[in-house]
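Open the model in your viewer and keep the sequence panel beside it. This tour goes stop by stop, with something to select at each one.

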Amino acid sequence: YRRQRQMCIRDSFHQVMEDAMKNTERLMPTEFMSIYEPLREMMGEEQFAETMGEMEGPEMYVLTNRERNRGAVNLFLPGVMERIAEQFGDSYFALPSSIHETLLIPLHDVNGGAAALEDIRGLKEIVRQGNETQVPPQERLSDNVYFFDAGSKMFLNAEEAVSFSPDHKLVSEKNEKETGTMEQNIPYPAL
């Protein structure tokens with residue numbers, strides 16, 4: 001009886017999770033856009049145009065939901081990570097901005113597509129500063145930066161991902177295609 005009950009609870013849990021994923025995507029569809037779009041909406045055209053000339057760094061994108069409320073979770077909906085990698089044509093970094101959104105940066109936009117540990121630490125500092133100065137404590141997710149490897153379809157802590165690579169750099173697939181070099185085949189540990 002005990003084993004039968006455990007199986008019933010497990011099956012119920014999996015069904016609830018499956019239903020929750022479907023309903024989240026249906027009721028709060030994922031939105032994915034350049035970071036400039038919400039900035040333009042918040043600032044207005046005039047202030048946005050003045051500020052644009054001052055912006056430097058890699059192209060960033062925002063992932064959230066239609067309501068822009070508690071949308072960071074949408075990154076974990078089935079197939080979302082893979083669809084983003086397809087749009088970028090590359091692996092990417094995920095910076096947890098708040099419970100409401102996640103910032104995404106294609107690997108090819110970080111240090112010419114060869115991100116080393118110091119690049120990842122710089123991204124991590126951006127997250128830390130944002131959390132410290134802009135995000136209320138109850139809306140913070142993490143000070144870490146994450147990496148989605150398009151080849152292996154693995155979502156990892158970015159510092160760990162770079163430490164697994166043979167030359168301690170994450171190399172863009174776009175760079176590999178342009179230079180004709182082979183895939184990096186990072187030997188990730190088994191889960």
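Select Asn111 first, in the loop between β4 and β5 (114–116). The model is predicted. Check the backbone here: Asn111 is not a glycine, yet it has a positive phi of about 50 degrees. Most residues other than glycine have a negative phi. Now turn on the surface. Asn111 has a relative accessibility of 45%, so it counts as partly exposed.

Go next to His168. This residue sits in the loop between α6 (158–164) and β8 (169–171). His168 is not a glycine either, and its phi is positive, at about 55 degrees. Is it buried or exposed? In between: at 47% relative accessibility, His168 counts as partly exposed.

**The whole chain**

Zoom out and colour by secondary structure. The protein chain holds seven helices and eight strands. It has 191 residues, and 35% of them count as buried. Take the contacts between residues at least 6 apart in sequence: 63% of these join residues at least 24 apart.

**Strand β4 and its partners**

Select residues 102–106, which make up strand β4. How many of its residues are buried? Five of five, so the strand is mostly covered, buried meaning under 20% relative accessible area. Show the side chains. Thr102, Leu104 and Pro106 point one way. Leu103 and Ile105 point the other way. Both sets are buried.

Add strand β3, residues 92–96. β3 and β4 run antiparallel and are joined by five bridges. A hairpin of five residues links the two strands. Click Leu95 and look across to β4: its bridge partner there is Leu103.

Now add β2. It also runs antiparallel to β4, with three bridges between them. Click Val62: its bridge partner in β4 is Leu103.

**The second largest pocket**

Stay with Leu103 and show pockets. The second largest pocket has a volume of about 240 Å³. It is lined by 13 residues, and the closest to its centre are Ser97, Leu103, Ile126, Gly130 and Gln134. Which helix gives the largest share of the lining? Helix α5, residues 117–133, with four residues. Colour the lining by class: seven residues are nonpolar, five polar and one charged.

While α5 is on screen, select Gly122, which belongs to this helix. Gly122 is partly exposed, with a relative accessible area of 34%. Draw a distance from its C-alpha to that of Val145. The viewer should give 9.7 Å, for residues 23 apart along the chain.

**Aromatic pairs**

Display all the aromatic rings. A search of the whole structure finds eight aromatic pairs. Start with Tyr61 and Phe88. Their ring centres are 5.0 Å apart and their planes meet at 55 degrees, a tilted pair. Tyr61 lies in strand β2 (residues 61–65) and Phe88 in helix α4 (residues 80–88), so the pair ties together parts 27 residues apart in sequence. Phe88 is buried, with a relative accessible area of 6%.

Move to Phe76 and Phe155. Their ring centres are 5.3 Å apart. The planes stand at 85 degrees, so this pair is edge-to-face, the class for angles over 60 degrees. Phe76 is in the loop between β2 and α4, and Phe155 in strand β7 (residues 154–157), so this pair ties together parts 79 residues apart in sequence. Check the surface again. Phe76 is partly exposed at 43% relative accessible area. Phe155 is also partly exposed, at 28%.

Now select Phe32, Tyr61, Phe88, Tyr92 and Phe148 together. These five residues form one aromatic cluster.

**The β6–β7 hairpin**

From Phe148, widen the selection to strand β6, residues 146–149, and add β7. The two strands pair in the antiparallel sense over four bridges. Click Asp149: opposite it in β7 stands Met154. β6 and β7 form a hairpin with four residues between them. Finish on Lys153, in the turn, which has a positive phi of about 60 degrees.

Conventions:
Residues numbered from 1 in each chain as written. Predicted model: local features only at pLDDT ≥ 70, side-chain atom pairs only at ≥ 80, totals over all residues. Heavy atoms only, no water. Phe/Tyr/Trp six-rings, centres within 6.5 Å; stacked < 30°, edge-to-face > 60°. Buried < 20%, exposed > 50% of the residue type's maximum accessible area, 1.4 Å probe, protein only. Pairing = 2+ DSSP bridges. 1 Å grid on protein atoms, 1.4 Å probe; cavity = no way out; pocket = protein on both sides within 12 Å on 5 of 7 lines; lining within 4 Å. Points joined across faces, edges and corners; volume = space filled by probe spheres on them. Nonpolar A, V, L, I, M, F, W, Y, C, P; charged D, E, K, R; others polar. Contact = heavy atoms within 4.5 Å.
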